Amino acid sequence: LADDSYAWPEIYGAYLEPLPSPEPSLEPELNVEPLVGPIRIELAEGRGRGVFLTEDVTAGQLLICAQAVAAGSIDQLLALLVGRMLQSIELQRAVLSLSRGDAESESKLPCYDLRKLVEPCQMAGGASAMDAPVESVMDILRFNNFALSRVNSTACPIEFSSDPKRSGLWLLPSFMNHSCLPNVAKIVIRDHMFIRATRDLKAGTELLQCYVENLQPLTERQAACQKYGFICSCDRCRIEAAVLEPSKVHDILKIHA
């Protein structure tokens, strides 16, 4: 499936549509075909599992179009996810293979066709009970949920932000590691996530997303990363730590706020 196979005007039209009031607990579906680009999951040295390119790609190339396992109101997300997991033993095992924030949960490669990881509705086999306690599912949500987008299309210019009240869980994107200097960009439209390369990348390159607000100063980004159980040591963080004093950064931000 090629990038130009998608009806982008309609897709971005859905992105700009305001949410109905009251906001639904379940995110509306987007009727598009999932996509897996030239990627594979393998072990990343010192970072557990990661997503790597199998061939060269160009800036802007669409790499992943993934359907959410569950997406909607944060208050309802756990119940929604557990309900989905009880519908399919295959899906349940796929969700339970995600990181819980510890080395043990990051040590095994998933044995699933990547196509199923972007189209979880195709996973089969009913499940009568959970193979793990709900606390484990809560940990998985804590380390793998993605905030949904909030768009104010009536503002000039249009305002985009993360919605603190709505999030979702996507399988394949959850295997991507973090960098404050990411080489991919993601956008969530309804229940689908689209991920593109931000620059030309060579085969074998690990795809890295940013888990935190990328425009925050170093100290705030590092504090946010600690909630995921690590300290970022990417090139950007090392350079900022070497040349910028935290107090001066905050003073500059206050002046330009």
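A residue counts as buried here when its relative accessible area is under 20%. Cysteine 234 comes in at 11% relative accessibility, so cysteine 234 lands in the buried class. This is a predicted model, and everything below should be read with that in mind. Cysteine 234 sits in the loop between helix H6 (218–226) and helix H7 (235–243). For a sense of place, the C-alpha of cysteine 234 is 20 Å from the C-alpha of aspartate 102, with the two positions 132 residues apart in sequence.

Aspartate 102 is itself a loop residue, found between helix H3 (89–96) and helix H4 (114–118). Its relative accessibility is 35%, so aspartate 102 is classed as partly exposed. Aspartate 102 also belongs to a patch of negative charge on the surface, together with Glu104, Glu135 and Asp139. There is a nonpolar counterpart to look at as well: Leu16, Ile158 and Phe160 make up a surface patch with about 250 Å² of accessible area together. Leucine 16 of this patch lies in helix H1 (residues 8–16), and at 31% relative accessibility leucine 16 is partly exposed.

Turning to the strands, a general point helps with what follows. Strands in a sheet pair through backbone hydrogen bonds, in either a parallel or an antiparallel sense. Here, 4 strands build an open sheet with mixed pairing, in the order E2-E3-E11-E8. Strand E2 (39–43) and strand E8 (177–178) take the edge positions, and each has a single partner strand, so one side of each has no neighbour in the sheet. E2 and E3 run antiparallel and are joined by 5 bridges, with isoleucine 41 standing opposite valine 51 in E3. The two strands form a hairpin with 5 residues between them, and in that hairpin glycine 46 adopts a positive phi near 80°. Further into the order, strand E3 (residues 49–53) pairs with strand E11 (residues 206–209), antiparallel, over 2 bridges. On that side, phenylalanine 52 has glutamate 206 of E11 as its bridge partner.

Strand E7 is involved in further antiparallel pairings. Strand E5 (residues 70–73) is joined to strand E7 (residues 159–169) by 4 bridges, and glycine 72 has serine 167 of E7 as its bridge partner. Strand E6 (residues 145–152) is also antiparallel to E7, this time through 7 bridges. One of the matched pairs is valine 151 with phenylalanine 160 in E7. E6 and E7 make a hairpin, with 6 residues between the strands. Phe160 has turned up already, as a member of the nonpolar surface patch with Leu16 and Ile158.

Another backbone detail worth a look is at arginine 190. Most residues other than glycine have a negative phi. Arginine 190 has a positive phi, near 55°, without being a glycine. The residue is in the loop between strand E9 (184–189) and strand E10 (192–197), and its relative accessible area of 24% makes arginine 190 partly exposed.

On the charged side chains, a search of the whole structure turns up 16 salt bridges. In one of these, arginine 115 meets glutamate 33, at 2.6 Å from N to O. That contact links distant parts of the chain, since arginine 115 is in helix H4 while glutamate 33 is in the loop between H1 and strand E1 (35–36), 82 residues away. Both ends are partly exposed: arginine 115 has 30% relative accessibility, and glutamate 33 has 42%. Arginine 115 also meets glutamate 119 in a salt bridge, at 3.4 Å from N to O. Glutamate 119, at 16% relative accessibility, is buried.

Helix H7 has a salt bridge too. Arginine 236 pairs with glutamate 240, and their closest N and O atoms are 2.7 Å apart. The two residues are 4 apart in helix H7, which means about one helical turn separates them. Arginine 236 and glutamate 240 are both buried. Elsewhere, a network of salt bridges links Glu27, Arg150, Asp163 and Arg166.

Notes: Residues numbered from 1 in each chain as written. Predicted model: local features only at pLDDT ≥ 70, side-chain atom pairs only at ≥ 80, totals over all residues. Heavy atoms only, no water. Buried < 20%, exposed > 50% of the residue type's maximum accessible area, 1.4 Å probe, protein only. Patch = residues over 30% accessible without salt bridge, like charges linked within 9 Å, V, L, I, M, F, W, Y side chains within 5 Å. Areas by Shrake-Rupley, 256 points an atom, 1.4 Å probe, with all protein chains shown as cover. Salt bridge = Lys/Arg side-chain N within 4 Å of Asp/Glu carboxyl O. Lys, Arg positive; Asp, Glu negative; His and termini not counted. Charge placed at Lys NZ, Arg CZ, Asp CG, Glu CD. Pairing = 2+ DSSP bridges.
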